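The following exercises concern the spaces inside a protein model and what occupies them. Each task is followed by a solution in steps.

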Amino acid sequence: MSIPKETLLHAYRTMKTIREFEERVNAEIMNGQIPGFTHLYTGQEANAVGVCAHLDESDTIISTHRGHGHCIAKGAEVSGMMKELFGSSEGLCKGKGGSMHVADIDKGILGANGIVAGGPPISVGSALAAKIRKNGKVAVSFSGDGSVNQGTCFEAMNMAVVLQAPAVFVIENNYYSEHTSINYAVGCDDLKARTEAFGFPVFVADGADFFAVHEAAGKAIAHARAGNGPAGVFAEQGRYHGHFVGDPQAYRAEGELEDLRENHCPLKNFRARMAETGELSLAELDAIDAEVMAEIEQSVTDAKAAARPTAEQVTEDVYIQYSATA
Amino acid sequence: MPEKTMRDAINEALHQAMEQDDSVFVIGEDVAGCSGSAGDVGAVGGVFGVTEGIYHRWPDRCIDTPISESAIVGAAAGAALVGMRPVAEIMFADFIGVCMDQIVNQMAKFRYMFGGKSRCPAVIRFSSGGGFSAAGQHSQAMYQVMTSFPGLKVVVPSNAYDAKGLMLSAIQDDDPVLFFEPKILYQETADVPDEMYTIPFGEANFVREGDDVTVVAFGQMVPKAAAVIDALAEEGISCDLIDPRTTSPLDENAILESVEATGRLVIVDEAPPRCGLTADIAGLAADKAFSSLKAPIKQVSAPHSPTPFSPELEAAYLPDADKIMAAVKATLA
Ligand SMILES: Cc1ncc(C[n+]2csc(CCOP(=O)(O)OP(=O)(O)O)c2C)c(N)n1
Ligand SMILES: [Mg+2]
């Protein structure tokens with residue numbers, strides 16, 4: 001299947017944006033500029049971008065604690081996200097949520113989520129709405145290899161089958177949940193088979209390869225959109241950073257990180273493929289790189305200059321309307 | 001006496017309890033760490049390091065789990081029901097949202113529903129509270145909510161010394177105990193004896209003694225209130241500072257006796273105000289010490305809002321020295 005040039009350009013730009021966003025966030029955390037708990041997506045860019053390439057603004061995604069990549073891929077504005085991470089009142093969530101709660105409902109981003117497996121049930125609700133409205137929309141939830149062991153995830157998968165809702169479960173195996181290996185935490189040998197046993201097809205992809213994820217996600221999303229009930233995507237690709245910034249990563253094998261960065265890089269793979277097929281020129285890709293770097297730099301400059309929240313804002317937005325008299 | 005952090009004090013209590021009683025075991029996410037990996041299994045000891053080293057001594061009794069809070073609490077409850085003394089870790093108190101049923105409908109009620117014929121000596125540990133810019137799902141105190149469930153004992157230490165003695169009591173206790181560790185205090189130090197000792201539940205600590213105002217504070221609010229009271233002492237105002245240490249059972253007598261002597265009461269907690277501990281204790285005093293009161297009771301709490309992310313917002317959200325000071329002075333106005 002050939003992918004239109006515009007889609008390729010957009011995919012590369014988005015992966016590069018995620019990469020540079022995360023690397024810069026890492027640096028700003030080290031500088032003490034970004035407070036709170038932040039989890040970086042570097043290395044897994046192809047998953048978010050390969051999936052979201054099939055979605056428009058009225059399809060929904062729901063993300064995880066490692067949410068920046070998913071949000072960017074679904075169209076969240078980078079500068080609003082950066083401001084949010086810096087805790088500005090001009091941030092996407094007015095500084096109320098931070099990294100773990102980036103959301104943009106208008107763009108179909110139902111939020112990053114600080115509760116592991118908090119998302120899948122909510123995604124089933126969005127899928128159910130699409131089914132009731134018969135509007136052909138799908139609802140995608142992202143889950144990690146650790147998240148899939150949570151009861152809420154099992155419940156959501158089963159209920160999506162029972163309701164035949166257009167829910168797409170994207171499982172990102174980055175081999176660890178915090179410090180615990182998937183080899184320990186997933187009791188069976190075959191997570192794909194375990195997921196399929198709920199009663200929906202799961203399409204597997206190499207998460208370092210945008211084209212593989214794009215193809216697998218295309219099948220899953222087409223299946224759900226066509227009214228065949230839920231579907232899954234299972235993508236394997238390690239994260240380049242620790243679980244959090246400062247994680248000593250005692251769980252890694254020797255040479256594991258070097259191998260990941262060297263031999264499992266979605267950006268390098270994408271460039272290599274373009275060099276082979278000639279669909280995009282290296283000059284085009286280099287130009288995107290430069291633009292992205294400038295955009296990220298600008299987003300940090302803007303975030304540092306952005307307005308800070310004030311004490312009165314603490315109690316705003318708890319409700320739409322609360323007291324009958326207020 | 002050696003100085004230890006609250007983290008180390010709890011860690012020492014766990015080591016000593018495990019040494020003494022082989023029915024004690026710890027279970028939770030990454031309480032050993034790196035399980036199943038090619039790396040260094042046991043290297044983590046919980047994300048806050050509270051169970052550090054336990055795996056290396058007792059690999060069979062330091063059990064990593066999948067991310068499955070309901071099953072973790074349920075497994076602790078079940079093991080306790082058949083005679084073990086599990087100490088389960090739920091990484092953040094906010095995750096009670098995931099395992100609420102196993103706590104409140106299951107372990108809290110076994111003994112009563114079974115006509116007094118069971119014991120469930122499980123301890124569930126939680127990191128708790130705000131101050132980390134960790135936003136709405138990683139900052140809640142939660143102990144005030146859990147205090148309302150009969151059948152649970154609820155512990156909130158405010159310093160390393162109490163944390164060790166209360167943990168050893170919790171493990172020996174035959175009822176289910178929820179143990180909330182204010183995470184902002186993990187690195188705070190106190191003199192902590194090397195030997196084992198216990199602190200009974202339902203016995204408040206008088207952190208400061210004075211005549212003018214009674215201040216009751218919980219968890220991370222105790223050191224904040226103590227600093228305010230020390231500043232007030234320079235102005236000639238003296239306060240009792242009561243740290244109940246356990247919210248269930250609650251040392252009602254200590255609070256009432258103090259209020260009867262001072263006639264003024266300020267209660268400080270980091271949680272939102274509705275149905276919380278400040279209202280609970282205000283109700284207690286209004287009910288049982290009304291005639292001693294010389295001024296309206298003052299409650300200092302977070303507002304009725306989730307915990308915000310931005311540091312400026314969180315600083316405005318959590319009770320601070322200014323708010324505590326203003327409340328104490330208001331009772332004297
Ligand atoms: C209910 C709940 N339990 C535990 C945590 C702490 N926690 C945050 S991320 C994480 C690991 C998640 O692993 P995985 O699903 O594989 O996602 P990854 O971090 O690898 O992207 C854990 C245990 C949490 N946030 N929520
Ligand atoms: Mg993972």
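**Exercise 1.** Determine which pocket ligand 1 takes up, and describe that pocket.

*Solution.* The model is a predicted one. Step one is to place the ligand: the space taken by ligand 1 is the largest pocket. Step two is to give the volume of the largest pocket, which is about 860 Å³. Its lining comprises 49 residues, and those closest to the centre are A:H39, A:H65, A:E178, A:H243 and A:F244. Step three is to sort the lining of the largest pocket by class: 20 residues are nonpolar, 20 are polar and nine are charged. Step four is to look for secondary structure. At least two lining residues of the largest pocket come from each of β2 (139-144) and β4 (176-177) of chain A and β4 (85-92) of chain B.

**Exercise 2.** Identify the surroundings of ligand 1 and its polar contacts.

*Solution.* First, locate the ligand with respect to the chains: ligand 1 lies between chains A and B. Second, list its neighbours. There are 22 residues around ligand 1, and the closest are A:H65, A:R66, A:G114, A:S147 and B:E69. By class, this shell holds seven nonpolar, 10 polar and five charged residues. Third, examine atom pairs that involve an oxygen atom of ligand 1. A polar side-chain atom of A:R66 is 2.7 Å from such an atom, and a polar side-chain atom of A:N174 is 2.8 Å from one. A:G146 instead contributes a backbone N or O atom, 2.8 Å from an oxygen atom of ligand 1. Fourth, consider the cover: ligand 1 on its own has 570 Å² of accessible area, and the protein covers 97% of it.

**Exercise 3.** State how many cavities of 30 Å³ or more the whole structure has, and characterise them.

*Solution.* The search finds two such cavities. Begin with the largest cavity, whose volume is about 60 Å³. It is lined by 13 residues, with A:T64, A:I115, A:V116, A:A117 and A:S147 nearest its centre. Two or more lining residues come from each of α5 (119-133) and β2 of chain A. The lining of the largest cavity has five nonpolar, eight polar and no charged residues.

Continue with the second largest cavity, of about 40 Å³. Among the residues that line it are B:F48, B:E89, B:R125 and B:Y186. In chain B, β4 and β5 (123-128) each supply at least two residues of this lining. By class, the lining of the second largest cavity divides into five nonpolar, one polar and two charged residues.

Technical notes. Residues are numbered from 1 along each chain as its sequence is written. Chains are lettered from A and ligands numbered from 1 in the order in which they are written. This is a predicted model: local features need pLDDT of at least 70, side-chain atom pairs count only at pLDDT 80 or more; totals for chains, interfaces and linings use all residues. Side-chain values use heavy atoms; hydrogens and water are left out. A residue is near a molecule or strand if one of its heavy atoms lies within 4 Å of it. A polar contact is a pair of N or O atoms within 3.5 Å; within protein, one must be able to donate a hydrogen and the other to accept it, and residues adjacent in sequence count only if both atoms are side-chain atoms. Accessible areas come from the Shrake-Rupley method with a 1.4 Å probe; for residues, only the protein chains shown count as cover. On a 1 Å grid over the protein atoms alone, a cavity is a set of points where a 1.4 Å probe fits but cannot get out, and a pocket is an open set with protein on both sides within 12 Å along at least five of seven lines; lining residues have an atom within 4 Å of a point. A molecule sits in a cavity or pocket if more than half of its atoms lie within 2 Å of its grid points. Ala, Val, Leu, Ile, Met, Phe, Trp, Tyr, Cys and Pro count as nonpolar, Asp, Glu, Lys and Arg as charged, and the others, Gly among them, as polar. Grid points are joined across faces, edges and corners, and a volume is the space filled by probe spheres set on the points. Helices (H or I, at least four residues) and strands (E, at least two) are DSSP runs, numbered from the N terminus.
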